[in-house]
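Reader: Hello! I am new to this structure and would like a close look at a single part of it. Could you walk me through one helix?

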Amino acid sequence: MPLPSSIVILTGAGISVESGIPSFRDKSGLWSMVNWQDYATPDAFARDPGRVRDFYNKRRRAMAGVQPNAAHHALARLEAGFRGDLLLVTQNIDDLHEAAGSRRLVHMHGELGSALCEACGMRSRWPGDMTVDSRCPQCESAGRLRPDVVWFGEMPYQMDRIYRALGEADLFVAIGTSGHVYPAADFVEEARLNGAHTLELNLEPSETAASFAEAIHGRATEIVPAFVDRLLETS
Ligand code: APR
């Protein structure tokens, strides 16, 4: 692999599995336990906001005591030690990349610890439970707060910034994602068309495995630190 000058990394739920956070489409994944149509769409929220808020309250509470793992820490080490441009785009709504020290980070599907006010559009940090009585810190409306996460059918965040980075990248790495959900699943093609080397680090071949020039399969806590060590040794 040639020495890159600009890297885009995309992570998915697989990077957080070894921290104890279930993925979505593995056999014991979240969407095998509940129907995403009842919890992760704007219609589901309009139909039953309390049930959707409770679903995210449970996921927020489940983050208590959860620590980043060696894969998160390796990516933070890469950001600190890599002299070129690096952008970490995560589909995950947990805060494990930040907890490990990553800062050049985009949460394209939003964040579990953030609330969005449907009345005034304000985003605010929301570490606790959200209920119908929760008030927006800015406009003080009650009953208008929703989880600040991107649901199916909604536009992911910061897409312009992501596509600009994909246009400049000479290395694109996807880690722990099944390649099931667009537009994230299309990033590898975008990077490849712009001449980037493309690498998949995943437990098993993803649905977009054929688009990658290189793949390393294994557990993230093993293959990601090894990848970062190799990259930092050559840079
Ligand atoms: N190490 C590396 N990869 C792993 C590990 C592990 N320990 N455990 C699981 N994986 C891989 C699985 O093989 C799978 O390919 O991680 C991937 C997880 O895929 P998904 O569960 O589909 O998660 P993700 O790709 O992040 O889903 C994308 O779908 O429901 C939406 O918004 C949600 O952001 C999510 C999006």
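Author: Happy to help; here is a walk along helix α4 and its surroundings.

This is a predicted model, in which local features need pLDDT of at least 70 and side-chain atom pairs count only at pLDDT 80 or more, while totals for chains, interfaces and linings use all residues. Residues are numbered from 1 along each chain as its sequence is written, and side-chain values use heavy atoms, with hydrogens and water left out.

Helix α4 covers residues 70–81; helices here are DSSP runs (H or I, at least four residues) and strands are E runs of at least two, numbered from the N terminus. Its twelve residues should span 16 Å at 1.5 Å a residue, where the expected span is 1.5 Å times one less than the number of residues. The end C-alpha atoms of α4 are 16 Å apart, which agrees.

At the N-terminal end, asparagine 69 acts as a cap. One of its side-chain oxygens lies 2.8 Å from the backbone nitrogen of alanine 71.

Alanine 71 also belongs to the buried residues of α4, together with His72, Ala74, Leu75, Ala76, Leu78 and Glu79. Buried means under 20% relative accessible area, computed with a 1.4 Å probe on protein chains only. As a general point, an α-helix has 3.6 residues a turn, so residues three or four places apart point the same way.

What lies over these buried residues? The cover includes the strands β1 (6–11), β2 (85–90) and β7 (171–175), and also the helices α5 (96–100) and α8 (220–234). Contact here means heavy atoms within 4.5 Å.

Note on methods
Buried < 20%, exposed > 50% of the residue type's maximum accessible area, 1.4 Å probe, protein only. Polar contact = N/O pair within 3.5 Å; in protein donor to acceptor, adjacent residues only side chain to side chain.
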